[in-house]
Each structure stands twice: as structure tokens, then as C-alpha cells.
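Here's a quick tour of a ligand site and a strand. Have the model open as you read.

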Amino acid sequence: MSFSTLKLHPTLIRGVDKLGFLRPSPIQAKAIPPALEGRDLLACAATGSGKTAAFLLPILHQLVEKPRGTTRGLVLAPTRELACQIRDDLNALAQFNGIKSAVVHGGVVMGPQKTAFRRGTDVIIATPGRLLDHFQHHYAALSGLEFLVLDEADRMLDMGFLPDIRRILQHVPKPKQVFFFSATMPPPIEKLTREILREPVRITLQRKAAPAEGVSHTVYPVLAKQRGALLVELLRRGHIDNALVFTRTKHRADRLAKVLNRNGIFSERIHGNRSQPQRTKALAGFKSGKFRVLVATDIAARGIDVDALGHVVNFDVPGAPEDYIHRVGRTARAEAKGEAITLVMPESESDLQDIERALGLTIPRIHLEDFPYDVAPGTPPHPPHGNTNKPAQKAGNRKRKPAKIDAESKYQLRRRRNGKRRTSS
Ligand code: AMP
């Protein structure tokens, strides 16, 4: 099947061609025809499947011939990064027809976002909290709304956004068409779909959670005290051009980026404690090659889409198989090849085995040749944690009382707890 058989507007076919998309991905092939007929969609599709264009193309097709100056499309996304990614995809797809979009998320000033509402920007892509802030004001009535998208609805549930979404639904007029995307369908999400969708076309792409086929997986067993040094060594030895490195906590992301920079590996970090301009700069620097490594926490990495990202490194083993899939989904996008490297400490082996069981994979364990595995804790040159005077493992496991629990911290805590529950059942 080609894009032209989907009968999309010629300006969109040009946009798709310019992006180098040769044919619709399976989710696009299934979603676009009924969406063009005006049907609601309920799609279970993992990240990396091409789901963004699957909802954007039918919306853009229906907007092309309409007069400008009214916001007719609203996309709700769980994180700022995902919202920006959707905006970028929309701009690329709509480059030959002038349909405009704007992102509305927290962490930046409200002024330009207000203007986007006032001008009636065609499509607004928003995170729930900031959108509700705008709804306090009459300029954000969205009275001409026709298309509503909920993207990564299960993540919005995980992050505690469900009440916000219900408030948003009460505020906006009933849309003509709703597109609902979620990688999983837990009961509260099922309930929400029953409330807002009208006889939707159901599309399920992958029943069983699985990472993209082009990803190869490797595991390096290592003690906590040598994790940082091992990562530095892997990056020095050559076959990794750029890598997105995941840590479970924001503090560890900060510490690890410092260790890498100290060792001459240009790195930046992206997590919930960083301001929006800092995140944007970090991501842009990583995309342009200024930084070789981007250290990220799970939430902040949602929506990160980097062309030719060859490697994802799990510096910490993720607490749940779904997080592993989401993390490694950042590489091998759209049928490319990629490698997922996981550093596993003895105390994280059981988490890793849960992941292998859930994915039906046995991941090879690799011992890095000539790496000084027997060096004493904290030995220079690459201490894994900031304070070389303390045993690294203790520093890593120290319990901290978070000063303020924000959405990301809450999500991480819940994720870890759920992971543990699954392990014990
Ligand atoms: P998504 O799942 O929407 O985040 O898309 C994952 C990646 O696939 C993005 O980099 C898209 O630009 C790319 N992509 C989407 N649709 C296609 C397609 N039909 N052919 C090739 N690449 C695509």
C-alpha cells in the first residue's frame, strides 16, 4: 500500500514524501481510512509504530480546505517533550499547506500560548495541567473544536492526569471526532474510552508487549561501584556514536552527566527538575551532535525522537518491563537498527529477569574484555558517584526524602512499587 492509495490531500502526500516515508506503517494503514470517514479511533499502539502520523494525517486532511483562524484540533499528551515532538511532526507533515500548530505546556511563560489561543491556531498540542490554567480565561474557550486526540493515555493515567482530563472534557464542546491512543488499556482507561468515544474503530497492533525488531539487546553485569567507569569505557572503546542513557532518578542523572563530562564525554541531562529552556537546549544539543550522551529519566524521555539514535543505555535497570520497552523504543525507530545496553548490578538481576520473562527474551551477558572489574570502590579515574570517599553502592542506595513530590517523582515511585508487585506475584 502507498500513501497515495489512502486518498490524502496532495499537500500531505508531498509532506510525507519530503519526510521520506515510503509507505504507511501498519498503524497508519489501519487507522487512516476509517479516520478519513469520520470514525472515532481507539488504538493500542506502542511508541515507534508511527502512531503520531496515524492521527495527524486524517486531522490535517480534514483541516486543509477549512478557513483558518479557529482552533479545530486539540491533542493532549502526557509530557512537554512528547507535545513538542507532535508539534514538530505536524509542522513537517503540514509544510505544504500552512496549517499551524502551537504547544501549550508548563515551565514556560503563558504569553505566547495565550496568543496561540487568541489567534485560533489550527491545532493546539497541550499537556493537561497548563491547558487547565488557560481554561480559567475566556480566550481559551475552544468553542470551534472538532478533533480531539488523547495520546499515550495510559501514561497520563500513570502520571495522575485522569482528573485533569475529565475537567478538560467538561470544558470543551463535544468534538466531532476523537482519536484515543494508549499502549495499554488498564480499567480506568477502558472506562474513559466508553465515556468519550462513539462506536470507535478498534485497532490493536501488538497484543504482546515487544520492543521493535531492529533492536539488539546486551547486558553487562557490573558492581555498583564500577558502573560509571564501565559506561565511560564502553563509550571510549568506539562502537557507540551517540547514546541516550537512562537513570531511574533525577539526582543520578545529574551525577552521571558530571562523571561523563569529567571523563571527556560531552553529556547533557533532561529530567523533571530542569526548566523547559534547559531541556530544549539539551535535546537540541544532543540532536545536533554537540553532546554525545543525553542522560534522561523515564518521563522526560517520552517523545524524544532522534534520527539515527544507535544506542540506548539502561544505566539503571528499569522497574517494569513497559519502561524497558519505552526506553529501547527510542532506538531502532521506524525499522532502523539499534542496540539496547543494560548495566545490571547483582541486586537488579531479578528486575532484569522479570523484563526478560515479560518480553520472552534471554539477553546475552557480556564481560567487557580488559576492563578492571576488580578495582576497589571509588578508585579514580571514573568514580560512579560524586563522592569518592564513600562506598559508591551506599551512596546510590541512600534513602532520600524528596523535598517536593512532583508528577515525575510520583510516577517513578508508583512505577517502582508496581514493578515490585508484579515481581512478587
Ligand atoms: P511515532 O511512533 O509516531 O513516534 O513515530 C516513530 C518514528 O517513525 C518517527 O521518527 C516518524 O517520523 C517515523 N515514521 C512515521 N511514519 C513513518 C512511515 N510511514 N515511514 C517511515 N517512518 C515513519
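## The ligand pocket

A nitrogen atom of the ligand has a backbone N or O atom of R23 2.9 Å away, which fits the cut-off for a polar contact (a pair of N or O atoms within 3.5 Å). This is a predicted model, where local features need pLDDT of at least 70, side-chain atom pairs count only at pLDDT 80 or more, and totals for chains, interfaces and linings use all residues. Residues are numbered from 1 along each chain as its sequence is written, and side-chain values use heavy atoms, with hydrogens and water left out.

Oxygen atoms of the ligand get backbone partners too: an N or O atom of G50 sits 2.8 Å from one, and an N or O atom of K51 lies 3.3 Å from one. On its own the ligand exposes 500 Å², and the protein buries 84% of that (Shrake-Rupley areas, 1.4 Å probe).

## Who lines it

There are 14 residues around the ligand, and R23, Q28, G50, T52 and D305 come nearest; to count as near, a residue needs a heavy atom within 4 Å. Domain 1 (3–204) and domain 2 (215–359) each supply at least three residues of the shell, with bounds from an automatic or database domain assignment.

## Strand 1

Which way do the side chains of strand 1 (residues 41–44) point? L41 and A43 go one way, L42 and C44 the other, and all are buried (under 20% relative accessible area, 1.4 Å probe, protein chains only).

Strand 1 pairs in the parallel sense with strand 6 (residues 177–181) over 3 bridges, where pairing takes at least two DSSP bridges. In strand 6, F181 stands opposite A43.

Notes
A polar contact is a pair of N or O atoms within 3.5 Å; within protein, one must be able to donate a hydrogen and the other to accept it, and residues adjacent in sequence count only if both atoms are side-chain atoms. Buried means under 20% relative accessible area, exposed over 50%, partly exposed in between (1.4 Å probe, protein chains only). Helices (H or I, at least four residues) and strands (E, at least two) are DSSP runs, numbered from the N terminus.
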